[in-house]
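User: Please take a close look at one salt bridge and its two partners. Then use that pair as a starting point for the rest of the chain.

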Amino acid sequence: MLVSGAEAIVRSLKREGVRVVFGLPGGAILPLYDALYDSDIKHVLGRHEQCVAHMADGFARASGRPGVCIATSGPGATNLVTGIATAYMDSSPIIAITGQVARYMIGKDAFQEADIVGIVTPITKYSFQLTSAREIPRVFKTAFTIATTRRPGPVLIDVPVDVQREQVEIEFTDEMDLKGYNPNPPRVDEDKVKKAAKVLAESERPLILAGGGVKWSGAHEELVKLAELLMAPVATTLMGKGVIAEDHPLSLGMIGMHGKAHANYAVLECDTLLAVGVRFSDRSTGKFDEFAKGAYKIHVDIDSAEINKNVIVDLPIVGDAKEVLRLLIKELIGFQGTKPHSAWINRIKEFKAMFECETEGSVGGGLKPSMVIKTISRLLEPGKSIVTTGVGQNQMWSAIHYIAKSPRSFITSGGLGTMGFGFPAALGAKVACPDKVVVDIDGDGSFLMTEQDLATSVTENIPVIVVILNNSALGMVRQWQHLLYRRRFIASSLGGVPDFVKLAQAFGAEGARPNSYEEFEETFKQAMKSEITTVIDVPISQEERVFPMVLPGRPLSEVLISEPKS
């Protein structure tokens with residue numbers, strides 16, 4: 001039986017278990033949309049292609065399943081690029097499907113033609129351009145396999161419009177064309193695991209640093225078991241936030257530029273560092289050469305390219321985090337000669353007591369961001385809620401003050417630091433987890449970059465809560481200008497527009513502006529029950545700043561706890 005390329009794409013998506021896609025149509029992708037008309041795959045219509053990519057990303061991060069986004073050729077495809085790069089930097093599996101001009105027009109600068117495969121090659125795990133409808137089952141099976149295996153990441157499939165229309169006999173098989181790519185996790189060197197276990201057991205001051213790889217591997221239970229077995233404190237990177245409940249006695253919270261001060265100092269004093277599923281981002285380590293300088297460093301990662309890239313380690317172990325931690329636990333159980341760590345744990349307690357009053361500072365009018373976020377943290381039920389963030393001060397306040405208690409409950413753009421990510425990612429997370437309360441903690445500058453998708457949330461019935469920490473400024477830019485550029489503020493004021501309450505109402509959403517903590521709490525409780533999106537505009541002072549802070553290029557030892565005296 002003859003099948004069109006578009007119909008073959010829909011059947012291939014269903015064979016991969018796809019039930020929802022996020023997209024925005026245009027001329028070069030209309031045959032696929034016509035095929036979707038007859039399918040039971042739900043389509044969520046975004047209002048900008050960047051947003052549909054972030055929605056697919058939020059869906060993937062919340063569910064662990066690949067998110068799918070669709071755009072047309074030319075500007076539709078290029079508008080996806082920021083979302084694809086965001087997913088790539090944070091190892092999130094999304095499948096981006098783009099329309100393309102007809103095969104005979106490729107290379108002729110046709111209307112809405114762009115070399116999207118060339119553009120995204122550096123920011124995808126792989127990119128395909130179809131030349132025949134017969135390739136579709138094999139290419140889609142290969143794409144989903146590449147996106148979701150080993151270190152996850154985005155894959156793009158570019159489909160010329162005439163390939164979508166092509167009617168051919170198509171065999172639907174599970175054959176793949178991986179061309180040297182091995183989807184299986186690398187074999188773990190068990191001799192290295194035994195050596196790591198011995199080093200950890202004999203360590204006096206061990207510390208575990210957990211990153212996003214623990215989350216993608218599903219290794220959070222093994223992580224906690226290992227930490228409790230060793231009685232080793234656990235710090236996380238931004239991407240690892242939530243892989244250990246942050247109210248667990250061994251949790252230190254996040255390290256890095258805006259990490260917890262006690263976590264940064266613990267890293268400086270540990271004698272053995274077990275880093276699992278981390279890539280030693282500069283935002284986490286501060287100055288590379290000074291990071292955990294005196295410690296024996298063991299690095300576990302599934303991607304061998306990350307070994308010794310930023311920080312030179314003593315013992316690399318390439319492998320899946322869950323498998324490596326399982327083997328480490330097996331080695332350590334019954335190990336004779338494990339050193340007691342009571343003095344180290346007491347030292348950690350001293351650090352926590354020393355910095356328990358660390359704060360972002362409080363000056364000017366409005367509500368304090370830390371108090372607002374702590375209220376959200378108190379009101380949200382663990383396991384039944386997800387927080388996403390924008391990028392800027394709002395992101396760092398959230399990372400510091402929100403207590404994440406489970407994996408996939410805190411979603412943020414770490415590597416690329418994409419402003420505008422939080423709101424569309426929240427929509428994708430809500431589609432993935434409709435029974436959970438999803439909250440986007442955002443800044444006014446960040447929210448403004450993707451606020452038009454309030455239309456999506458209302459028309460597609462995707463209710464989320466948006467809490468805007470509104471200082472009428474690009475807050476983190478202003479903070480850097482304050483600290484590093486002698487308070488010469490330029491291009492960081494947003495002028496106090498728009499009125500976010502009226503903006504929300506214009507889209508058919510709820511809007512509110514609380515002026516006290518009591519009003520905020522009551523408004524937030526009402527929003528949790530609402531069946532439509534609620535935007536809560538929280539006025540804060542432009543003089544609020546995020547502390548702790550390690551200035552860029554400086555070591556973690558130079559963490560600033562509060563505003564330096566000028």
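Analyst: Start with aspartate 537. This residue is buried, at 4% relative accessible area. The model is a predicted one. Aspartate 537 has a charged partner: its side chain meets that of arginine 513 in a salt bridge, 2.9 Å from N to O. Arginine 513 sits in the loop between strand E19 (510-512) and helix H23 (517-529), and aspartate 537 in strand E20, so the pair ties together parts that are 24 residues apart in sequence. The arginine end is partly exposed, with a relative accessible area of 35%. Side chains of opposite charge can pair when their charged atoms come close.

Now set that bridge beside others. The structure holds 31 salt bridges. One of them joins lysine 309 to glutamate 306, with 3.1 Å between the closest N and O atoms. Glutamate 306 is buried, at 5% relative accessible area. Lysine 309 is partly exposed, at 46%. This pair does not stand alone: Arg151, Asp303, Glu306 and Lys309 are linked in a network of salt bridges.

A further bridge joins glutamate 381 and lysine 384, at 3.5 Å from N to O. Here glutamate 381 is partly exposed, with a relative accessible area of 45%. Lysine 384 also counts as partly exposed, at 47%.

Charge also gathers on the surface. Asp189, Glu190, Asp191 and Glu331 form a patch of negative charge there. Glutamate 331 belongs to helix H14, which spans residues 321-332. The residue is partly exposed, with a relative accessible area of 30%.

Back to strand E20, the home of aspartate 537. Strand E20 covers residues 534-539, and proline 548 lies in the segment after it. The peptide bond from phenylalanine 547 into proline 548 is cis, with omega near 5 degrees. A second cis bond runs from valine 497 to proline 498, with omega near 0 degrees. Proline 498 lies in the loop between helix H21 (475-484) and helix H22 (500-506). Most residues other than glycine have a negative phi, and most peptide bonds are trans.

The H21-H22 loop also holds alanine 491. Its phi is positive, near 60 degrees, in a residue other than glycine. Alanine 491 is exposed, at 69% relative accessible area.

Methionine 231 has a positive phi too, near 55 degrees. The loop around methionine 231 runs between helix H11 (220-230) and strand E10 (234-236). Methionine 231 is partly exposed, at 39%.

Two helices have a positive phi after them. Helix H5 is followed by serine 91, with phi near 55 degrees. Just after helix H1, glycine 17 takes a phi of about 80 degrees.

What lies buried in these helices? In H1 (residues 5-15) the buried residues are Gly5, Ala6, Ala8, Ile9, Val10, Ser12 and Leu13. In H5 (residues 81-89) they are Val81, Gly83, Ile84, Ala85, Thr86 and Ala87. The buried side of H5 has several neighbours. Its buried residues pack against helix H3 (49-63), helix H4 (75-79), strand E5 (94-100), helix H6 (116-120) and strand E7 (155-160).

H5 also carries tyrosine 88. At 34% relative accessibility, tyrosine 88 counts as partly exposed. Together with Met89 and Leu416, Tyr88 makes a nonpolar surface patch of about 230 Å².

Strand E7, one of the elements packed against H5, includes proline 160. Proline 160 is buried, at 0% relative accessibility. Leaving aside residues up to four places away in sequence, proline 160 touches Gln100, Val101, Ala102, Arg103, Ile106 and Leu130. From proline 160 back towards our starting bridge, take alanine 512 as a marker. The two residues are 352 apart in sequence and 46 Å apart in space, C-alpha to C-alpha.

That returns us to the first pair: partly exposed arginine 513 and buried aspartate 537, held in a salt bridge at 2.9 Å.

How values were computed: Residues are numbered from 1 along each chain as its sequence is written. This is a predicted model: local features need pLDDT of at least 70, side-chain atom pairs count only at pLDDT 80 or more; totals for chains, interfaces and linings use all residues. Side-chain values use heavy atoms; hydrogens and water are left out. Patches are made of residues with over 30% relative accessible area and no salt bridge: like charges are joined within 9 Å, nonpolar side chains (Val, Leu, Ile, Met, Phe, Trp, Tyr) within 5 Å. Accessible areas come from the Shrake-Rupley method with a 1.4 Å probe; for residues, only the protein chains shown count as cover. A salt bridge is a side-chain nitrogen of Lys or Arg within 4 Å of a carboxyl oxygen of Asp or Glu. Lys and Arg count as positive and Asp and Glu as negative; His and the chain ends are not counted. The place of a charge is taken as NZ of Lys, CZ of Arg, CG of Asp or CD of Glu. Helices (H or I, at least four residues) and strands (E, at least two) are DSSP runs, numbered from the N terminus. Buried means under 20% relative accessible area, exposed over 50%, partly exposed in between (1.4 Å probe, protein chains only). Contact means heavy atoms within 4.5 Å.
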